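Please look over the sequence and the structure shown below before reading on. The report that follows takes up charged pairs, aromatic rings, nonpolar cores, cysteines and one glycine in turn.

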Amino acid sequence: MVLPFLYIAESPGRGRGVYTREAISAGTLIESSPVIVMRARERELLDQTLLHDYIFEWEGDNGACCMALGWLAVYNHAYKANCEYEMNYDNDTMSIRTVRDIAEGEELFTNYNGDWNDEKPVWFDVSQA
């Protein structure tokens with residue numbers, strides 16, 4: 001499920017990103033998608049490819065990861081994001097929910113550290129973000 005007024009477009013300095021054609025209220029579920037869960041060994045192989053930048057840690061310190069389907073991997077990173085992702089380990093799904101009101105035309109961001117306002121450095125340069 002992806003809200004019908006979301007769309008993907010170029011994000012200056014970031015490649016593609018997810019945007020909205022309508023204003024969205026805080027706390028709105030904007031996407032829910034299944035994930036493909038992979039074990040630690042499969043993760044080691046993925047880490048040697050471009051897909052490394054598009055996987056998510058999954059359930060604890062066991063080295064597992066997941067590849068999110070839908071548009072989840074297209075949301076760009078911001079240290080003070082306007083959305084956050086939620087993981088449902090029982091159903092193997094991830095969701096995106098807004099953390100504040102979002103204006104029409106605004107790009108939607110998640111924080112790749114997990115919490116919408118976590119300022120720990122990420123593995124790439126975010127000087128343009």
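## Salt bridges

A salt bridge is counted here when a side-chain nitrogen of Lys or Arg lies within 4 Å of a carboxyl oxygen of Asp or Glu. The model is a predicted one, in which local features need pLDDT of at least 70 and side-chain atom pairs count only at pLDDT 80 or more, while totals for chains, interfaces and linings use all residues. Residues are numbered from 1 along each chain as its sequence is written, and side-chain values use heavy atoms, with hydrogens and water left out.

The structure holds 7 salt bridges. In one of them the side chains of Arg97 and Glu86 meet, with an N to O distance of 3.0 Å. This pair links distant parts of the chain, since Arg97 belongs to strand β8 (residues 93-98) and Glu86 to strand β7 (residues 83-88), 11 residues apart; strands are DSSP runs of E of at least two residues, and helices are runs of H or I of at least four, numbered from the N terminus. Accessibility is described with three words: buried means under 20% relative accessible area, exposed means over 50%, and partly exposed is in between, computed with a 1.4 Å probe on protein chains only. Arg97 is partly exposed at 27% relative accessibility, and Glu86 is partly exposed at 29%.

Another salt bridge joins Arg100 to Glu106, whose closest N and O atoms are 2.5 Å apart; Arg100 is partly exposed at 37% relative accessibility. Elsewhere, Arg43, Asp47 and Glu57 are joined into one network by salt bridges that share partners. Within that network, the closest N and O atoms of Arg43 and Asp47 are 3.4 Å apart. Arg43 is buried, with a relative accessible area of 14%, whereas Asp47 is partly exposed at 33%.

## Aromatic pairs

There are 3 aromatic pairs in the structure. Rings of Phe, Tyr and Trp (for Trp, its six-membered ring) pair if their centres lie within 6.5 Å, and planes under 30 degrees apart count as stacked, over 60 as edge-to-face and the rest as tilted. The ring centres of Phe56 and Tyr85 are 5.2 Å apart and the planes stand at 75°, so this pair is edge-to-face. Because Phe56 lies in strand β4 (residues 55-57) and Tyr85 in strand β7, the pair ties together parts that are 29 residues apart in sequence. Both Phe56 and Tyr85 are buried.

The rings of Trp58 and Tyr89 also form an edge-to-face pair, with centres 4.7 Å apart and planes at 75°. Trp58 lies in the loop between β4 and β5 (65-68) and Tyr89 in the loop between β7 and β8, so this pair ties together parts that are 31 residues apart in sequence. Trp58 is buried, with a relative accessible area of 2%, whereas Tyr89 is partly exposed at 34%.

## Nonpolar cores

In soluble globular proteins, nonpolar side chains tend to be buried together. A nonpolar core is a set of buried Ala, Val, Leu, Ile, Met, Phe, Trp, Tyr and Cys residues joined through side-chain atoms within 4.5 Å. The largest such core has 20 residues, of which Leu6, Ile24, Ile30, Tyr75, Met94, Ile96 and Leu108 touch the most other members. The elements that give two or more residues to this core are β3 (29-38), β5, β7 and β8.

Ile30 can serve as an example of the contacts involved, where contact means heavy atoms within 4.5 Å. Leaving aside its neighbours within four places in sequence, Ile30 is in contact with residues including Met1, Leu6, Ile24, Tyr75, Ile96 and Leu108. Apart from the largest core lies another, of 5 residues, among them Met38, Leu46, Ile55 and Cys65.

## Cysteines

How many disulfides does a search of the whole structure find? The search finds 0 disulfides, a disulfide being a pair of cysteine sulfur atoms within 2.5 Å. Cys65 is in no disulfide, as the nearest cysteine sulfur, that of Cys66, is 6.9 Å away, too far for a bond. Cys65 counts as buried at 0% relative accessibility, and Cys66 also counts as buried at 0%.

## Gly27

Gly27 is placed in the loop between β2 (15-20) and β3, where Gly27 is partly exposed, with a relative accessible area of 41%. The C-alpha atoms of Gly27 and Arg97 are separated by 5.9 Å, although the two residues are 70 residues apart along the chain. With neighbours within four places in sequence left aside, Gly27 is in contact with Arg97 and Thr98.
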